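Thanks for coming. Please bring up the sequence and the structure on your screens, and we will go through them piece by piece.

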Amino acid sequence: MRKDIASRLAISCMILIWVSTAGCGFKTGSVESPRVTVSKIKVEDINLFEAVLRIEMRVFNGNSDAFDFKGLDCQLDLENSRLATGVSNMPIHIPPHDTAVIPITVYSSVEDMARIIREIRLKDKVAYQMNGKLFMDGGFFRPDKLAFQSQGEISLEGLKAFRMSSLQQ
């Protein structure tokens, strides 16, 4: 008799949990990390100690649920060397199956910038890699952060042509 009551109580609790989480829109599917690409890099300021860069990243949400991020942390590498790092606490909302452009300010020491410029000055293309984390509210069966990585090549031909034309003026 006691086992019968205990099993009924356990089944009732499981049904109650299932019904209450289903009513809240609870989903048990996995969350796919977003795809991130660099869409723009702009030098904001260079002083005696550091360089300030503004990076715009396009974030792709391939999930069936919206992403609501609290901020992000990232590092930009050129030719496998750290160039700049930055953090942002700007809230970000990306609807399901949509994209958003996220601006972030990153900082580089003048020493790191000079080293990178020496390494790339004679190259036509430069490999970049951006690694980081997007911070979420998390929740029951949801992560509190999602890692991302973006990599590719940047052509320096346009930059060289721009420098040559500005020197001739």
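**Strand 3 and its surroundings**

I will start with one residue, L76, which is found in strand 3. Keep in mind that what you see is a predicted model. Is L76 buried or exposed? Its relative accessible area is 1%, so L76 is buried. Leaving aside residues up to four places away in sequence, L76 touches I41, I55, S81, R82, L83, A84, Y128, Q129 and M130. You can also look at the backbone here: L76 and G86 are ten residues apart along the chain, and their C-alpha atoms are separated by 8.8 Å.

Now the partner strand. Strand 3 and strand 4 run antiparallel, and seven bridges join them. One position to find on your screen is D77, which stands opposite R82 in strand 4. The two strands form a hairpin with two residues between them.

Which residue in that turn has a positive phi? That is E79, at about 50 degrees. Why mention it? Most residues other than glycine have a negative phi. E79 is not a glycine, yet its phi is positive. E79 lies in the loop between strand 3 and strand 4, and at 21% relative accessibility it counts as partly exposed.

There is another case to look at. H97 is not a glycine either, and it has a positive phi of about 55 degrees. H97 sits in the loop between strand 5 and strand 6. With a relative accessible area of 56%, H97 is exposed.

Next, the core. In soluble globular proteins, nonpolar side chains tend to be buried together. Here the largest nonpolar core has 31 residues, and M57, F69, L72 and L83 touch the most other members. Strands 2, 3, 4, 5, 6, 7 and 8, along with helix 2, each supply at least two residues of this core. Which strand gives the most? It is strand 3, with six residues.

Take L72 from that list. Again without residues up to four places away in sequence, L72 touches M57, G86, V87, S88, I92, I102, I104, K133, L134 and F135.

F69 brings us to the aromatic rings. How many aromatic pairs does the structure hold? It holds one. The rings belong to F67 and F69; their centres are 4.9 Å apart and their planes are at 45 degrees, so the pair is tilted. F67 counts as buried at 1% relative accessibility, and F69 counts as buried at 3%.

Last, helix 2, which spans residues 110-120. An α-helix has 3.6 residues a turn, so residues three or four places apart point the same way. With that in mind, which residues of helix 2 are buried? They are D112, M113, I116 and I120. These buried residues cover an arc of only 100 degrees around the axis, which puts them on the same side of helix 2. On the other side of helix 2, E111 and R118 are exposed. What covers the buried residues includes strand 2, strand 3, strand 4, strand 6 and strand 7.

To recap: strand 3 pairs with strand 4 in a hairpin, and strand 3 gives the most residues to the largest nonpolar core. Strand 3 is also among the elements that cover the buried residues of helix 2. That is where I will stop.

Definitions and conventions: Residues numbered from 1 in each chain as written. Predicted model: local features only at pLDDT ≥ 70, side-chain atom pairs only at ≥ 80, totals over all residues. Heavy atoms only, no water. Core = buried A, V, L, I, M, F, W, Y, C linked by side-chain atoms within 4.5 Å. Buried < 20%, exposed > 50% of the residue type's maximum accessible area, 1.4 Å probe, protein only. Helix = DSSP H or I, 4+ residues; strand = E, 2+ residues; numbered from the N terminus. Contact = heavy atoms within 4.5 Å. Phe/Tyr/Trp six-rings, centres within 6.5 Å; stacked < 30°, edge-to-face > 60°. Pairing = 2+ DSSP bridges. Arc of directions from axis to C-beta.
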